[in-house]
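I opened this notebook to record how selected helices pack and what lines one of the pockets. The entries follow the order in which I looked things up.

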Amino acid sequence: MKQTIHTSASSGKQMLSERVYAHLRDAIMRGDHAPGDALKPQDLAKEQGVSLAVVREALVRVVGEGLADRLPNRGFAVPAFSDRRWQEIAEARRTIEPVVLRMSVERGDVDWEARVRAAHHRLTRTPAYVPDEGEYYSAAWSEAHRAFHRTLLEGCGNPVLLETFDRMWTASELARRWSAHRNPDRDGVAEHRRLEEAALARDADAAAEVLTRHLTRTAAGLTGCIHPEPEKEA
């Protein structure tokens, strides 16, 4: 009986933590918390009607995804993004992702090829912008974009590398939400098509080179555009 009660309590706490984590993650990605804002466990616990332990567990997960920082003796805060921080993320992606893509091209099977083709098709058929979401990429396109890039790498068969990609991607998307507007001079559709073609042609060298150029263009487009909200208003 005690075992059943303990298991039920643990399950309930896990569900609460998952709910608070999802709420906090979405709020940060939506920009409800400005860059550099403190994330106070007491306030979040009161807002969500949960215990401090549940909130802290959710905050640790958000920190693990790169959506928050844990500051020594100062608690938690939304990252205060700067060009330097974005450049570090971009450098990490340019260093790691082309290598993983090369492995994926060399190891991926026919099922991987089919998933890449399907993910690219979904990306091309999803509107990048919708009126209700303003100048930012639409949520549906952002997810299709993530799925395409991740599917390209899944052929590597290494879950640790894919977890690394997930973390870098989330950090990149946070930067994009604070800075990325329409860029009429960039043909993202053609860039993604070249990525798909090189990968499915099993040309690892070409695929890695195309991806490096793609990530370099993204970094160049965001550098100089990322500032904390108070600086934007000023």
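**Entry 1: α4 and α6.** I began with helix α4, residues 83-107, which packs against α6 at an angle of about 55°, their axes being 7 Å apart. That angle makes α4 oblique to α6. I note that the model is a predicted one. I then listed the residues in contact: Glu97, Val100, Leu101 and Ser104 of α4 meet Leu152, Leu153 and Glu154 of α6. Sorted by class, this contact of α4 with α6 holds four nonpolar, one polar and two charged residues.

**Entry 2: α6 and α8.** I stayed with α6, residues 139-154, and turned to its packing with α8, residues 188-200. The axes of α6 and α8 come within 11 Å and cross at roughly 25°. Angles under 35 degrees count as roughly parallel, and α6 and α8 are therefore roughly parallel to each other. I recorded the crossing of α6 and α8 as left-handed. On the α6 side I found Trp141, His145, Phe148, His149 and Leu152, which meet His192, Leu195, Glu196 and Ala199 of α8. By class, I entered five nonpolar, three polar and one charged residues for the contact of α6 with α8. Leu152 of α6 appears in this contact with α8 and also in the contact with α4.

**Entry 3: α2 and α3.** Next I looked up α2, residues 41-48, and α3, residues 52-64. The axes of α2 and α3 come within 9 Å and cross at roughly 110°. This makes α2 roughly perpendicular to α3. The crossing in which α2 passes α3 is right-handed. Pro41, Gln42, Leu44 and Ala45 of α2 make the contact with Leu52, Val55 and Leu59 of α3. I counted this contact of α2 with α3 by class as six nonpolar, one polar and no charged residues.

**Entry 4: the second largest pocket.** I closed with the second largest pocket, which holds about 400 Å³ of space. Its lining consists of 16 residues, and those nearest the centre of the pocket are Arg25, Met29, Ala139, Ser142 and Glu173. Which helices each supply at least two residues of the lining? I found these to be α1 (2-30), α6 and α7 (159-179). The largest share of the lining, five residues, comes from α7. By class, I entered four nonpolar, three polar and nine charged residues for the lining of the second largest pocket.

Terms used: Residues numbered from 1 in each chain as written. Predicted model: local features only at pLDDT ≥ 70, side-chain atom pairs only at ≥ 80, totals over all residues. Heavy atoms only, no water. Axes fitted to C-alpha atoms, helices over the stretch in contact; angles between N-to-C directions. Helix = DSSP H or I, 4+ residues; strand = E, 2+ residues; numbered from the N terminus. Parallel < 35°, antiparallel > 145°, perpendicular 65-115°, else oblique. Left-handed = near helix turned anticlockwise from the far one by under 90°. Contact = heavy atoms within 4.5 Å. Nonpolar A, V, L, I, M, F, W, Y, C, P; charged D, E, K, R; others polar. 1 Å grid on protein atoms, 1.4 Å probe; cavity = no way out; pocket = protein on both sides within 12 Å on 5 of 7 lines; lining within 4 Å. Points joined across faces, edges and corners; volume = space filled by probe spheres on them.
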